[in-house]
Amino acid sequence: MEYVRCNLCGADSTVVRYPCTVEGRSAKGEWGAYACTHSGYGRHHTIVQCRECGLVYTNPRLDPHDIVDIYEAVQDPLYLEERGGRVLTFEHHLKPLERIAGPPDGRPLLDVGCYTGVFVEIAAGHGWDAQGLEPSRWAIEQARARGLCVVQGTLDTADLPEAHFDVVTMWDVIEHLADPRSALEQVCRLLRSPEPAEGRPGGLVVVHTIDIESPFARLMGARWPWLMEMHVYYFSRRTLRAMLGKCGFEVISDRPQGRYLRLGYLANRVGALMPVIGRPAEGLVTELGLRGVAVPINLGDLFTAYARKV
Ligand SMILES: [Zn+2]
C-alpha cells in the first residue's frame, strides 16, 4: 500500500471521511474484488478528503503497478450475462453525446477502459470510427471475438496517435485509476486540437462516474453502495470540473445520468447488499419470468461530464 498526495491540488492534508472496513490489504494479483460486477459493497480501505480542495480518495491504496496488474488479470463472466442492460444504457448515453459532439460521420472515437467492448460496438453501429483501450486480457478476447477494434493496455502503455480523436469516452473508469489527473492530460493529448480558423472546436472528452456529493450519497453516508475497495477516487461534479480545468479542458455540461439494469441482475445486486430483501425479490422476478426486463435506474449519484479540449 502507498500513501499519496491529493491528485487534484497536490496538498498532503486530509481528514478521514470513511474509516477502513477491510483488514490488511488485498494480495497482489487478487482481482476478484475488482471485477466490474463484484458485489463487495461496504468493503473499502480508508477514504479521506483533502482539506484544501475537497477531493475524496482512498488513502493509502495499492501501488499503481499492482492496480494495473489486477485489471490486466480481471475476468468477469457475470458482466456478459448483463450485456442487455449495458446495451440499453449505452444507446441512451449516445444521444446527449451526439447532441454535443455532432453526427458521427465516421469520425474517430476512443473508449478508454472499454472492457468487453459494448460501447465500442454500439458507437461503431452508429457510424463512429470507434476503437477501445482496455487492460484486461480476458475482456480484450471477448471484444475481439465480436470483431471489434480494441487495443490491450493503458493510456501509459498504448501507442495511440496524438491530436487524432474527435471524442474520447471514459464510462465508469476514472474512479478506478491510480492517477486520474495524468490520465486526463493524456486524453487531452490524444484529442484533436481546436482549429479556430476553420471554426472547428477541440475534441470532446466524456467522463461518467459516481458522485460522492450527490444527495443520495450524502443520505446513505457510510452505507452508500459505491464505497468499494476497487474505487480509488470519489469525485463530485465540482472536483471533476476543477480537475478537467487543470488538464486543458473547458466543461460544457455535467448532469446526473442513470443506467438501465435488467430486473434479474438488479435483484441479484440488491441481494448482495441486503439479502433479506434481495433473495426473495430475485425468486419472485424469476418466477414471474421478468429477469430479462430492463428498467431505468437514476438515483442521481452517477453523472456524466462533457468537456472540450481548449
Ligand atoms: Zn486537494
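Here are a few worked exercises on the predicted model above.

Residue numbers start from 1 along each chain as its sequence is written. Because this is a predicted model, local features need pLDDT of at least 70 and side-chain atom pairs count only at pLDDT 80 or more, while totals for chains, interfaces and linings use all residues, and side-chain values use heavy atoms, with hydrogens and water left out.

**Exercise 1. The zinc site**

Work out which residues coordinate the zinc ion and what arrangement the donor atoms make.

Step 1: Look for donors, meaning N, O and S atoms within 2.8 Å of the metal (3.2 Å for Na, K and Ca); water is not among the atoms, so sites may look incomplete. You'll find the SG atoms of C6, C9, C50 and C53, at 2.3 Å.

Step 2: Check the angles. Four donors count as tetrahedral if all angles lie between 85 and 135 degrees. Here they run from 99 to 115°, so the arrangement is tetrahedral.

Step 3: Read the spacing in sequence, which is C-x2-C-x40-C-x2-C. The pair C6 and C50 links distant parts of the chain, 44 residues apart: C6 sits in the segment before strand 1 (14-18), and C50 in strand 2 (residues 47-50). Strands here are DSSP runs of E, at least two residues, and helices are runs of H or I, at least four, numbered from the N terminus.

Step 4: Are C6 and C50 buried or exposed? Buried means under 20% relative accessible area, exposed over 50%, and partly exposed in between (1.4 Å probe, protein chains only). C6 has 4% relative accessibility, so it's buried; C50 has 3%, so C50 is buried too.

**Exercise 2. Backbone oddities in loops**

Find where the cis peptide bond from N59 to P60 sits, then place Y115 and D172, which have a positive phi.

Step 1: The N59 to P60 bond has omega near 0°. P60 is in the loop between strand 3 (56-58) and helix 1 (64-73).

Step 2: Y115 isn't a glycine, yet its phi is about 55°. Its loop runs between strand 4 (108-112) and helix 4 (118-125). With 10% relative accessibility, Y115 counts as buried.

Step 3: D172, again not a glycine, also has a phi of about 55°. You'll find D172 in the loop between strand 7 (167-171) and helix 6 (180-190). Its relative accessibility is 24%, so D172 counts as partly exposed.

Definitions and conventions. Tetrahedral: all angles 85-135°; square planar, octahedral: opposite > 155°, others 65-115°.
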